[in-house]
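Welcome! Here are a few exercises to help you find your way around a new protein, each followed by a worked solution. Keep the sequence and the 3D view open as you go.

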Amino acid sequence: MANTTSKNRHQSQTRRSEPSKGKESAVRTSRKGAPRSRPDKTLDTRAERMKKRSEKNTETSPSKTSEHQSSSGRTKNQGNKPINRADFVETEKVKELTSRMKPYLQAGYPLHLTGPTGVGKTAIALHLAAQFDKPIMLLHGNHEMNNVDLIGGVSGFTSDKLIDNFVRQVYKKQTEVKEKWNPGRLVEAAQKGYTLIYDEFSRSSPETNNLFLSILEEGILPLYGTKQNQSFMKVHKDFRVIFTSNPEEYAGVFDTQDALLDRLITIEIEHDKKAEREILREKCGVLAKEADLILKITGKVRTACVDENKHGPSLRASLMIATICKKSDITISQENKKFTRVCKDILSTHLMKCTEQNNLLEAEKWFEKEIS
């Protein structure tokens, strides 16, 4: 009986462990023996991580370096590249002046371009300065300019504070205040060898322009009043200066000291009708006969002013007339009333200033007589 009971128990256990027919057996695996979906990942040591980072930086550093070098080179080339003068009309007169004046600057002598307003002194100076592979510094003379504008001055203060509490029982506090000095534009140009264009320099006081006496003669820039350790600065060998000015009879102009004029090579620039005709055609796109008509009317007003020892309209007035007519589709002809109206509006002020035409009505009568 006992044997029969143990035998039945054994059979039931065996039956219970056998899988049922017609069904898939579900095999249960332990968590420890389950297949892994992720690859094995070992923790890197700090030394290995630093080594990998160093190798990565080594791979990427050449491209960054080359990119930085190309960027720096591009900036440098742009700084030394002559300024864009695409709208400048280089006439035969300008070519002759450029070839005539360039050797003076190459030899280290300063130029002085003088003449009536509107003849293109500043434009020629910029064109001449662009012939040299150097940056251009442009200064405009005015009666308020002083040494601070040219050589710099104190523009504030900087404060440095040091607090030392390394030792707990000791507390140390130290404050140092220094003046902040910013160099002027003349210092930058003279130090780096720029080409300086001092436009309308005679509008600055002679006391301010005295700085150029030492620059042009001894090649040094005095730094008085700047509280610097050195009293002067040596001028760069490539530093060049081009001065421009109007005649002394113009309003707001100071008499230039003889000591400065003696150091300059002065070139007189006057009106050139042929050059003005070419400029009108190139800049405004007018025909040759249209440019001649505009210059003829402007020239009559200029002649009337010269007879009274006064300065008449410049090339700017002719450019105004041509530009307005071209953009407004106004036919440039003596028979066109719109064209004559434009001429009267632009030139009447010059005519009343120079001649005995005391009002606008008299000026318009003068135009009707001269233009017809």
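**Exercise 1. Describe the protein as a whole, starting from its surface.**

Solution. Begin with the outside: the accessible surface of this predicted model comes to about 25,200 Å². Carbon and sulfur atoms hold 49% of that surface. Next, turn to the inside: of the 372 residues in the protein, 35% are buried. Then list the secondary structure, which consists of 14 helices and 9 strands. Finally, look at the contacts with a separation of 6 or more: 71% of them join residues 24 or more positions apart.

**Exercise 2. Work out how helix 3 and helix 4 are arranged, and which residues bring them together.**

Solution. It helps to know what to look for: two packed helices are described by the angle between their axes and the distance between the axes.

- Step 1: locate the pair. Helix 3 covers residues 92–106, and helix 4 covers residues 121–129.
- Step 2: take the geometry. The two pack at an angle of about 60°, and their axes are 10 Å apart.
- Step 3: name the arrangement. An angle from 65 to 115 degrees would be roughly perpendicular, and one under 35 roughly parallel. Helix 3 and helix 4 are therefore oblique to each other.
- Step 4: add the handedness. This crossing of helix 3 and helix 4 is right-handed.
- Step 5: find the residues. From helix 3 come Val 94, Leu 97, Thr 98, Met 101, Lys 102 and Leu 105, and they meet Ile 124, His 127 and Leu 128 of helix 4.
- Step 6: sort them. The contact of helix 3 with helix 4 has 6 nonpolar, 2 polar and 1 charged residues.

**Exercise 3. Now do the same for helix 11 and helix 14.**

Solution. Helix 11 spans residues 288–307 and helix 14 spans residues 360–371. Their axes lie 11 Å apart, with a packing angle of about 120°. That angle makes helix 11 oblique to helix 14. The crossing of these two helices is right-handed. On the helix 11 side, the contact is made by Ile 297, Lys 300, Val 301 and Ala 304; on the helix 14 side, by Trp 366, Phe 367, Glu 370 and Ile 371. Sorted by class, the residues of this contact are 6 nonpolar, no polar and 2 charged.

**Exercise 4. Decide for Glu 200 and for Asp 329: buried or exposed?**

Solution. Take Glu 200 to begin with. Find Glu 200 in the loop between strand 5 (195–199) and helix 7 (206–209). Its phi is near 55°, a positive value in a residue other than glycine. Buried means under 20% relative accessible area, so Glu 200, at 16%, counts as buried. Leaving aside residues up to four places away in sequence, Glu 200 touches Gly 141, Thr 244, Ser 245 and Asn 246.

Asp 329 sits in the loop between helix 12 (315–327) and helix 13 (337–354). Asp 329 is not a glycine, yet its phi is positive, about 55°. Exposed means over 50%, so Asp 329, with 71% relative accessibility, counts as exposed.

**Exercise 5. Place Ala 107 in the fold and find how far Arg 240 is from it.**

Solution. Look for Ala 107 in the loop between helix 3 and strand 1 (111–114). Because its relative accessibility is 52%, Ala 107 counts as exposed. Now count along the chain: Ala 107 and Arg 240 are 133 residues apart in sequence. In space, the distance from C-alpha to C-alpha is 9.6 Å.

Technical notes
Residues are numbered from 1 along each chain as its sequence is written. This is a predicted model: local features need pLDDT of at least 70, side-chain atom pairs count only at pLDDT 80 or more; totals for chains, interfaces and linings use all residues. Side-chain values use heavy atoms; hydrogens and water are left out. Axes are lines fitted to C-alpha atoms, for helices over the stretch in contact, and angles run from 0 to 180 degrees between N-to-C directions. Helices (H or I, at least four residues) and strands (E, at least two) are DSSP runs, numbered from the N terminus. Angles under 35 degrees count as roughly parallel, over 145 as roughly antiparallel, 65 to 115 as roughly perpendicular and the rest as oblique. A crossing is left-handed if the near helix is turned anticlockwise from the far one by less than a right angle, and right-handed if clockwise. Contact means heavy atoms within 4.5 Å. Ala, Val, Leu, Ile, Met, Phe, Trp, Tyr, Cys and Pro count as nonpolar, Asp, Glu, Lys and Arg as charged, and the others, Gly among them, as polar. Buried means under 20% relative accessible area, exposed over 50%, partly exposed in between (1.4 Å probe, protein chains only). Accessible areas come from the Shrake-Rupley method with a 1.4 Å probe; for residues, only the protein chains shown count as cover.
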